[in-house]
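Reader: I have just opened this model and would like some help reading it. Could we take it one feature at a time?

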Amino acid sequence: MAWLNFVVTGKARSNIRHFLKHKQHEESASLGKRLLNQFLAGLGSSLDEIQPQQLTQYLEDSELKSLDELLMEIGLGHRMAYLVAQRLQSTDDQQDNEAQGQPLAISGREGLVLSYARCCHPIPGDHILGHISSGRGIVVHRDDCRNIHDFRDDPKKCFHLNWDQQVDEDFSINLRIELAAQRGIIAALATKITEAGANIHRIDIDEKEARMSTVHLDLQVRDRIHLAQIIKRVRTLKSVSRIIRT
């Protein structure tokens, strides 16, 4: 949506909004299909194996015009794939964990229908869960995130995810670094991080006392291995006493 800040005419703005809406619909339908097939697989079926009359009846009951509309609804988080799969299979007596199927693999390129929770900043290598948010699609959390603790085992709200083997994106993380305050230490810290191939988006400094400081960093990293390499380099600075991923 940042494009809208650089255009002048109303027609151009309208065209951009139309493009983004169309793109979101395509991505949400694709994600919805993957989600529905994931839960159908847990019931020993797939979307291709659903009887046409069963699907038609479900669409009529749900006041939906087409399968694509159903898939978009699922991808955008307006309908739960878990419940749709059960209805299509008429397996309300199945236990919740039986409908889970295999974890859904994500690559980081799902675009407008997938986002990463700012509360826990998951990166490749972390164990992750997906939480469906209405209108936003999947929000990815680390599986130990406190914000999903109360419903992490509820298949109606959360489901297991895996990272795809080929993930070629950068991900945001936060580090808190406690160190001895001395001249040039922030520059030395920034040098160590950039030498490890990471981009620094923000640095904040809190002075606890005259001799100690806490540095809060927002970084872009590739995965947990990359993060470990960064931390290893930072630990070579004698002034650093503690590093915490927040």
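Author: Gladly; let us begin with a cysteine. Cys119 is partly exposed because its relative accessibility is 37%, where buried means under 20% relative accessible area, exposed over 50% and partly exposed in between (1.4 Å probe, protein chains only). This is a predicted model, in which local features need pLDDT of at least 70, side-chain atom pairs count only at pLDDT 80 or more, and totals for chains, interfaces and linings use all residues. Residues are numbered from 1 along each chain as its sequence is written, and side-chain values use heavy atoms, leaving out hydrogens and water.

Reader: Why is Cys119 not bonded to Cys145?

Author: A disulfide is a pair of cysteine sulfur atoms within 2.5 Å. The sulfur of Cys119 is 3.5 Å from that of Cys145, its closest cysteine sulfur, so the two are too far apart for a bond. Across the whole structure, the search finds zero disulfides.

Reader: What about Cys158: buried or exposed?

Author: Cys158 counts as buried because its relative accessibility is 1%. Its nearest cysteine sulfur, in Cys145, is 9.5 Å away.

Reader: How do I read a nonpolar core?

Author: Look for buried Ala, Val, Leu, Ile, Met, Phe, Trp, Tyr and Cys residues joined through side-chain atoms within 4.5 Å. Here the largest such core has 55 residues, and Leu35, Leu36, Ile138, Ile177 and Leu189 have the most contacts inside it. A second, separate core has eight residues, including Ala117, Cys120, Val139 and Cys158.
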